[in-house]
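Biologist: Could you take me through a few spots in this protein?
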Amino acid sequence: MPEPSADWWKSSVVYQIYPSSFKDSDGDGVGDLAGIVEKLDYLKLLGVDVVWLSPVYPSPWDDNGYDISDYTGIDPRFGTLEDWDRLRDGLHERGMRLVMDLVINHTSDRHPWFTASREGDEDKKDFYFWRPGRDGGPPNNWGSVFSGPAWTYDQTRGEYYLHLFSPSQPDLNWENPRVRAAVHEVALWWLARGADGFRMDVINFVSKNPKLPDGPVAGDYGIFAEHAINGPRLHEFLHEMHERAFAGRDVLTVGEMPGVSVEQARIHTNPVNRELDMVFQFEHVDLDHGPGGKFDPRPLDLVRLKASLNRWQVGLNDRGWNSLYLNNHDQPRVVSRFGDDGRYRVESATAIATTLHMMQGTPYVYQGEELGMTNAHMDDIADYRDLETLNYHRTMVETGKVDANAAMAGITRMSRDNARTPMQWTAGANAGFTTGTPWIGVNPNHIGINAEAAVADQGSVFHHYRRLIALRKEHPVIVHGSFTPLLEEDPRVYAYTRTLNGQVLLVLANWSGQRAEAELPGDLAAADAELLLGNLPDPGPVAAPLRPWEARVHLIR
Ligand code: GLC
């Protein structure tokens, strides 16, 4: 077991595992817990401190496990509770920790709580949001995140229930204190079994405007957000959960919060408020969404990305804590999205990683990111498995509401399935992920991009991530230093400093395929600096121009 220390999560790097796509041990085509146990030495070699496990609970699998029907079990596709114990022990023996995914804004519609609720059970009838219809339709005009209305009529109960996601994911009614107590029990149950913390799914959705009023524009997710998220009791609910389940325990908590502002996050993550250690904000990963939403993407504008991330860096310094991520199971692969997954794949993956990992906050690495895994580039809708993608295709493309070719191009670039193709272990059959038929296609580029090849090559993306993670352990300035943005208007160079006790860390990254001069202030340009890390051979001094996708980290004493 790792040694407990205050705020250990500040100097940690978290690795996210999407279990169905990580490693299959029994040939059924779906990854499982025993498969993860086989790969713990790989994670140790990378140097990560914490594993966050996406949901492994029993689930009808409508939203790949984010629709839970039993909070304290393991879905048979992943193994058993004893397999989970083995994973916990394997991680703890290697000095790593295990964080579970807590999906508690909603359950599956097959959860016994929902079954009892729809039948009007005395204890459970107010566990969800039930309302009579209005004018022969739903109670208000909210749309769901996964297309279509946010309400579904239930014959048994004779009322509508609210689901901000799919109809199979009814929202729990956190206004009911018994719901909150039940959720606290779930967290305590996993902590008692040895979990080391939680990633809390869409946790800012748990408090809604209690009147559930109409949004200004019907069916628009962005508009309903005004009333359905960040509601008036959010701070109270999070603080209560902290006091009941987390206080006095050595845990990491990170709340997923679409639509959270810096100002709100500062309150949520300020330790004096005792709510959460950090949040996942979305501003920077929504910047390339176009007028038609995420499936209508725009090219990245680096100046806007810098403005956003830099504002979060400065905004949470001293009074909160950032999570640092560009990838997860809901985002396309960053090397394809913001980098260049062709000629400069290795260079751009490592430049982007350097930019992110040297910031203040806790970095998150999503499985395969450390290999520079790319988007799947699947252009046939039949190859997709993701509910959000398939619903969008059904409601927008098949009905002719959007141009089919443009929409398919958008899906190819932005679908969540880009992140969910199997982890690429080897150049062999099915990338060494399974001996069976994988539940979603393996990216053919595993022949060149795979863990076996990357571990053997000191110039690989993997070894650059390993160095970035190791550097964080050696230099407190990377963990604690304050952040100062540089060259904010430069369209190609991402530059900043971190400062702690007179020590200055200078980070320079060229986010383009052209050579770039960083016009640094004179004192920095002339500084006598030690080079801590570069992503290209023979890196030059501070003032040297940056080659395409070159990144350097200098330490000025
Ligand atoms: C979160 C999860 C996503 C899921 C949604 C509904 O955004 O990360 O995968 O679909 O919540 O639970």
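Modeller: What follows covers a lysine, an arginine and a pocket. This is a predicted model, in which local features need pLDDT of at least 70 and side-chain atom pairs count only at pLDDT 80 or more, while totals for chains, interfaces and linings use all residues. Residues are numbered from 1 along each chain as its sequence is written, and side-chain values use heavy atoms, with hydrogens and water left out.

Biologist: Where is Lys306 found?
Modeller: Lys306 sits in helix α10, residues 302-316 (helices are DSSP runs of H or I, at least four residues, numbered from the N terminus).

Biologist: And which side chain of opposite charge is nearest to Lys306?
Modeller: That is Asp490, 5.0 Å away, and Lys306 is buried yet has no salt bridge; buried means under 20% relative accessible area, partly exposed 20% to 50% and exposed over 50%, with a 1.4 Å probe and protein chains only, and a salt bridge needs a side-chain nitrogen of Lys or Arg within 4 Å of a carboxyl oxygen of Asp or Glu.

Biologist: Switching to Arg77, is Arg77 buried or partly exposed?
Modeller: Arg77 is partly exposed, its relative accessible area being 25%.

Biologist: How far is Arg77 from Asp49 in space?
Modeller: The two are 26 Å apart, C-alpha to C-alpha, and 28 residues apart in sequence.

Biologist: What does Arg77 contact?
Modeller: Neighbours within four places in sequence aside, Arg77 is in contact (heavy atoms within 4.5 Å) with Asp28, Val30, Gly31, Asp32, Ser59 and Trp61.

Definitions and conventions. Helices (H or I, at least four residues) and strands (E, at least two) are DSSP runs, numbered from the N terminus. Lys and Arg count as positive and Asp and Glu as negative; His and the chain ends are not counted.
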